[in-house]
Amino acid sequence: MSKEEGFVLNRHSNSPSRKKEEHRCNQHLEDVLEGVSQWPMDVSKPFSIFLQCLRSQPGQEPARYKK
C-alpha cells in the first residue's frame, strides 16, 4: 500500500452515490438503548437478542424484543 492510498477505515465511505442504509440489527440496538434508559433497567434480554442478530445471517434475524 502506497502513502497516497492511505488506510481506509470504511471501504464504503468513498462511494457518495451509494444510498445509506441502516444496519439490519439497528432496531435491535434501539431496544437495548431503550432498556438502558428505563428504570428498572431492562438490558439482559434485549442485549442477548441483539447479539443473536449480529451473529445471524442476513434475512434470518430474530424477532425484536417485546416487553
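Trainee: How many helices and how many strands are there in the protein chain?
Mentor: This is a predicted model, and what follows should be read with that in mind. Helix 1 covers 26-36 and helix 2 covers 44-55, with a loop between them. Counted over the protein chain, the elements come to 2 helices and 0 strands.

Trainee: What share of the residues in the protein chain is buried?
Mentor: A residue counts as buried when its relative accessible area is under 20%. The protein chain exposes about 6,100 Å², of which carbon and sulfur atoms supply 53%. Of the 67 residues in the chain, the buried share is 16%.

Trainee: Which residues of helix 1 are buried, and against what do they pack?
Mentor: The buried residues in helix 1 are His28, Asp31, Val32 and Gly35. Viewed down the axis of helix 1, these buried residues fall within an arc of 100°, so they line one face of the helix. In general, an α-helix has 3.6 residues a turn, so residues three or four places apart point the same way. The partner against which the buried residues of helix 1 pack is helix 2.

Trainee: Which residues does histidine 28 touch, leaving out those up to four places away in sequence?
Mentor: Histidine 28 lies in helix 1, and it is buried because its relative accessible area is 6%, whereas the cut-off for burial is under 20%. With residues up to four places away in sequence left out, histidine 28 touches Ile49, Phe50, Cys53, Glu61, Pro62, Ala63 and Arg64.

Trainee: Is alanine 63 buried or exposed?
Mentor: Alanine 63 is found in the segment after helix 2, and, apart from neighbours within four places in sequence, it is in contact with His28 and Ile49. Its C-alpha atom is separated by 10.0 Å from that of glutamine 52, which is 11 residues away along the chain. Because the relative accessible area of alanine 63 is 61%, the residue is exposed.

Trainee: Which cysteines form a disulfide, and how far apart are their sulfur atoms?
Mentor: The count comes to 1 disulfide, and it is formed by cysteine 25 and cysteine 53. The pair links distant parts of the chain, with cysteine 25 in the segment before helix 1 and cysteine 53 in helix 2, 28 residues apart. Both cysteine 25 and cysteine 53 are buried. The distance between the two sulfur atoms is 2.0 Å.

Trainee: What is the handedness of the link of cysteine 25 and cysteine 53?
Mentor: The handedness follows from the angle about the S-S bond, which is -90° in this model. For the link of cysteine 25 and cysteine 53, that value corresponds to left-handed.

Trainee: Which residue forms a salt bridge with arginine 24?
Mentor: The structure holds 2 salt bridges, and in the one formed by arginine 24 the closest N and O atoms are 3.1 Å apart. Arginine 24 lies in the segment before helix 1 and its partner, glutamate 61, in the segment after helix 2, so the pair ties together parts that are 37 residues apart in sequence. Arginine 24 is partly exposed at 32% relative accessible area, and its partner counts as partly exposed at 27%. The residue asked for is glutamate 61.

Trainee: Where does aspartate 31 lie, and what is its relative accessible area?
Mentor: The side chains of arginine 64 and aspartate 31 meet in a salt bridge, with 2.6 Å from N to O. Arginine 64 lies in the segment after helix 2 and aspartate 31 in helix 1, so the pair ties together parts that are 33 residues apart in sequence. Arginine 64 counts as partly exposed at 37% relative accessibility, whereas aspartate 31, in helix 1, is buried, with a relative accessible area of 9%.

Trainee: Which peptide bond is cis, and what is its omega?
Mentor: In general, most peptide bonds are trans. The bond in question leads to proline 40, whose place is in the loop between helix 1 and helix 2. The bond runs from tryptophan 39 to proline 40 and is cis, with omega near -5°.

Trainee: Which residues form a nonpolar patch on the surface, and what is their accessible area together?
Mentor: One member is methionine 41, found in the loop between helix 1 and helix 2, and it is exposed because its relative accessible area is 53%. The patch is formed by Val36, Trp39 and Met41, and their accessible area together is about 410 Å².

Note on methods
Residues numbered from 1 in each chain as written. Predicted model: local features only at pLDDT ≥ 70, side-chain atom pairs only at ≥ 80, totals over all residues. Heavy atoms only, no water. Patch = residues over 30% accessible without salt bridge, like charges linked within 9 Å, V, L, I, M, F, W, Y side chains within 5 Å. Areas by Shrake-Rupley, 256 points an atom, 1.4 Å probe, with all protein chains shown as cover. Salt bridge = Lys/Arg side-chain N within 4 Å of Asp/Glu carboxyl O. Helix = DSSP H or I, 4+ residues; strand = E, 2+ residues; numbered from the N terminus. Buried < 20%, exposed > 50% of the residue type's maximum accessible area, 1.4 Å probe, protein only. Disulfide = S-S within 2.5 Å. Arc of directions from axis to C-beta. Contact = heavy atoms within 4.5 Å.
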